[in-house]
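Welcome, and thanks for taking a look at this protein. Please keep the sequence and the 3D view open while you read, and follow the residues as they come up.

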Amino acid sequence: MSDEQAAGFASFQGPPTRVQLEKYFFLDDADREVIDSKRRDHNRLGSAVQLGVVRFLRRFLPDPRHPCRGRGLPR
């Protein structure tokens with residue numbers, strides 16, 4: 001694996017496609033039940049974003065407050 005490939009592994013490489021959004025970021029009833037158990041709106045939003053990111057990248061980000069920072073994606 002090249003250094004460039006390693007740097008891009010498990011990170012966003014541009015905006016997800018519609019198919020990827022539907023596959024990894026769609027929240028079903030079970031997901032919503034878990035997310036709804038969080039205390040406040042911002043906790044629920046953060047939990048939903050982290051759930052989608054973990055499914056998509058298969059890992060947690062080092063700074064979950066900024067999932068798109070430095071990836072050429074909108075913030």
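## Charged pairs and a core

Asp41 and Arg44 form a salt bridge, and their closest N and O atoms are 2.3 Å apart. The term salt bridge is used here for a side-chain nitrogen of Lys or Arg within 4 Å of a carboxyl oxygen of Asp or Glu. Side chains of opposite charge can pair when their charged atoms come close.

Before going on, a word on the model. It is a predicted one, in which local features need pLDDT of at least 70 and side-chain atom pairs count only at pLDDT 80 or more, while totals for chains, interfaces and linings use all residues. Residues are numbered from 1 along each chain as its sequence is written, and side-chain values use heavy atoms, with hydrogens and water left out.

Now for the overall layout. The protein has four helices and zero strands, which gives the pattern α-α-α-α when read along the sequence. Helices (H or I, at least four residues) and strands (E, at least two) are DSSP runs, numbered from the N terminus. Of the 75 residues in the protein, 20% are buried. In this report, buried means under 20% relative accessible area, exposed means over 50%, and partly exposed lies in between, with a 1.4 Å probe and protein chains only.

Back to the opening pair. Asp41 and Arg44 both lie in helix α4, three residues apart, or about one turn of the helix. Asp41 is exposed, with a relative accessible area of 58%, whereas Arg44 counts as partly exposed at 22%. Arg44 also has a place in the wider fold: Val34 is ten residues away in sequence, and the two are 9.0 Å apart in space, C-alpha to C-alpha.

How many salt bridges does the structure hold? There are three, and the table lists them with their N to O distances.

| Acidic residue | Basic residue | N to O distance |
|---|---|---|
| Asp41 | Arg44 | 2.3 Å |
| Glu22 | Arg18 | 3.1 Å |
| Asp31 | Arg55 | 2.7 Å |

The pair of Glu22 and Arg18 sits within one helix: both lie in α2 (residues 18–24), four residues apart, about one turn of the helix. Glu22 is partly exposed, at 47% relative accessibility, and Arg18 is exposed, with a relative accessible area of 66%.

What does the salt bridge between Asp31 and Arg55 tie together? The side chains of these two residues meet at 2.7 Å, N to O. Asp31 lies in helix α3 and Arg55 in helix α4, so the pair ties together parts that are 24 residues apart in sequence. Asp31 is buried, with a relative accessible area of 11%, while Arg55 is partly exposed, at 28%. Two further distances help to place this pair. The C-alpha atoms of Asp31 and Ser47 are separated by 9.8 Å, with their positions 16 residues apart along the chain. Arg55 and Tyr24 are 31 residues apart in sequence, yet 5.6 Å apart in space, C-alpha to C-alpha.

Tyr24 leads on to the nonpolar core. This residue is in helix α2 and counts as buried, at 18% relative accessibility. Together with Phe12, Val53, Phe56, Leu57 and Leu61, Tyr24 makes up the largest nonpolar core, six residues in all. Helix α4 gives the most to this core, with three residues. A nonpolar core is a set of buried Ala, Val, Leu, Ile, Met, Phe, Trp, Tyr and Cys residues joined through side-chain atoms within 4.5 Å.

On the surface, which residues form a negative patch? They are Asp28, Asp29, Glu33 and Asp36. Patches are made of residues with over 30% relative accessible area and no salt bridge, and like charges are joined within 9 Å. Asp36 belongs to helix α3 (residues 29–36) and is partly exposed, at 47% relative accessibility.

One last stop is Arg58, in the segment after α4 (41–57). Phi of Arg58 is near 65°, a positive value in a residue other than glycine. Is Arg58 buried or exposed? Arg58 is exposed, with a relative accessible area of 72%.

Conventions. Patches are made of residues with over 30% relative accessible area and no salt bridge: like charges are joined within 9 Å, nonpolar side chains (Val, Leu, Ile, Met, Phe, Trp, Tyr) within 5 Å. Accessible areas come from the Shrake-Rupley method with a 1.4 Å probe; for residues, only the protein chains shown count as cover. Lys and Arg count as positive and Asp and Glu as negative; His and the chain ends are not counted. The place of a charge is taken as NZ of Lys, CZ of Arg, CG of Asp or CD of Glu.
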